[in-house]
Amino acid sequence: GKLTGRREKIALKAFAKFDKMDTGVALLEDLKAVYDANLHPKVLVGEMKEEQAYKEFVSFFDDTALGQKKGVPMKVKLEDFMAYMAELSAHIRSSDDKFVHIVERAWKVRETPTNVNIALDKKKLDSLKAEIREKVRQRTKCSKFENVTLYRACRHFDTDQSGDIDEHEFSHALSTLGIHLPLAEANVKLP
């Protein structure tokens, strides 16, 4: 099949990261250095091992580079990369969100959020903030200084005492407070 919509945009963004001169060609070595085969859909569901997914990725492009001279860096054309991504996409029929999320993590790129996505994310974030406040309030002595209580809770979950709560600390905090997010939301990077 052919990629469309968000799937096409995120795949193009992943390729563009390696095609700095906008020539429609990237070096296979550059792609291999970043690609995380652990996030291949078949690896995620246990149908394939990470090593197999990585070999499949490399062999997909080796087949397109027949006749290339030894010692010359292998080049990957945009259309070949898009064909690979379309094949990958066929394994993720459930939703564009899941495909985009996997590509973002596997290729270390970010989808540019639309205004609709930003509004939805803000609404979800505001809801999550309210839920965290309520859970902290329920677990602590009622204090008329709610901000102090929240500050102390944040310090408690900042286990490395860096002054920031990283993804792991945040995940632990949510779990401790009994807040369970769907997997796709739990893996979202915080600004």
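The following legends describe close-up views of a predicted model of the protein.

**Figure 1. Overview of the secondary structure of the protein.** The predicted model contains ten helices and two strands. Along the sequence these elements are arranged in the order α-β-α-α-α-β-α-α-α-α-α-α. Of the 191 residues in the protein, 30% are buried. Where contacts join residues at least 6 apart in sequence, 59% of them link residues at least 24 apart. The exposed surface amounts to about 13,200 Å², and carbon and sulfur atoms contribute 54% of that area.

**Figure 2. Helix α6, residues 96–107.** This helix is built from twelve residues, and the distance from its first C-alpha to its last is 16 Å, close to the 16 Å expected at 1.5 Å a residue. Its buried residues are Phe99, Val100, His101, Ile102, Val103, Glu104, Ala106 and Trp107. Just after α6 comes Lys108, which is shown separately in Figure 6.

**Figure 3. Packing of helix α1 against helix α6.** The axes of the two helices come within 9 Å and cross at roughly 5 degrees. Angles under 35 degrees count as roughly parallel, and α1 and α6 are therefore roughly parallel to each other. From α1, the contact involves Arg6, Arg7, Ile10 and Ala14. From α6, the contributing residues are Asp96, Asp97, Phe99, Val100, Val103, Glu104 and Trp107. Several residues of α6 in this contact are also buried, among them Phe99, Val100, Val103, Glu104 and Trp107.

**Figure 4. Surroundings of Arg7 in helix α1.** Arg7 has a relative accessible area of 9% and is therefore buried. Leaving aside residues up to four places away in sequence, Arg7 touches Ser89, Ile92, Arg93, Ser95, Asp96 and Phe99. The C-alpha atoms of Arg7 and Asp97 are separated by 8.8 Å, although the two residues lie 90 residues apart along the chain. Arg7 takes part in the contact of α1 with α6, and it also belongs to the contact of α1 with α5.

**Figure 5. Crossings made by helix α5, residues 78–89.** The axes of α1 and α5 come within 10 Å and cross at roughly 135 degrees. That angle makes α1 oblique to α5. This contact brings Arg7, Glu8, Ala11, Leu12, Ala14 and Phe15 of α1 together with Leu78, Phe81, Met82, Met85 and Ser89 of α5. The crossing of α1 and α5 is right-handed. For α4 and α5, the axes come within 10 Å and cross at roughly 140 degrees. Only angles over 145 degrees count as roughly antiparallel, and α4 and α5 are therefore oblique to each other. Phe57, Phe60 and Phe61 of α4 meet Asp80, Phe81, Ala83, Tyr84 and Glu87 of α5 in this contact. The crossing of α4 and α5 is also right-handed. Phe81 of α5 appears in the contact with α1 and in the contact with α4.

**Figure 6. Positive phi values at Asp22 and Lys108.** Most residues other than glycine have a negative phi. Asp22 has a phi near 55 degrees, a positive value in a residue other than glycine. Asp22 is located in the loop between α1 and β1, and its relative accessible area of 68% places it among the exposed residues. Lys108 likewise has a positive phi, near 55 degrees. Lys108 lies in the loop between α6 and α7, the latter covering residues 115–139. With a relative accessibility of 49%, Lys108 counts as partly exposed, since the exposed class requires a value over 50%.

**Figure 7. Asp19 in the loop between α1 and β1.** The loop joins α1, residues 5–16, to β1, residues 25–27. Asp19 is buried, with a relative accessible area of 8%, whereas Asp22 in this loop is exposed. When residues up to four places away in sequence are not counted, Asp19 touches Gly24 and Val25.

**Figure 8. Lys55 in helix α4, residues 50–62.** Lys55 counts as exposed, with a relative accessibility of 60%. The separation between the C-alpha atoms of Lys55 and Ala37 is 9.0 Å, and these two residues are 18 residues apart along the chain.

Key: Residues are numbered from 1 along each chain as its sequence is written. This is a predicted model: local features need pLDDT of at least 70, side-chain atom pairs count only at pLDDT 80 or more; totals for chains, interfaces and linings use all residues. Side-chain values use heavy atoms; hydrogens and water are left out. Helices (H or I, at least four residues) and strands (E, at least two) are DSSP runs, numbered from the N terminus. Buried means under 20% relative accessible area, exposed over 50%, partly exposed in between (1.4 Å probe, protein chains only). Contact means heavy atoms within 4.5 Å. Accessible areas come from the Shrake-Rupley method with a 1.4 Å probe; for residues, only the protein chains shown count as cover. The expected span of a helix is 1.5 Å times one less than its number of residues. Axes are lines fitted to C-alpha atoms, for helices over the stretch in contact, and angles run from 0 to 180 degrees between N-to-C directions. Angles under 35 degrees count as roughly parallel, over 145 as roughly antiparallel, 65 to 115 as roughly perpendicular and the rest as oblique. A crossing is left-handed if the near helix is turned anticlockwise from the far one by less than a right angle, and right-handed if clockwise.
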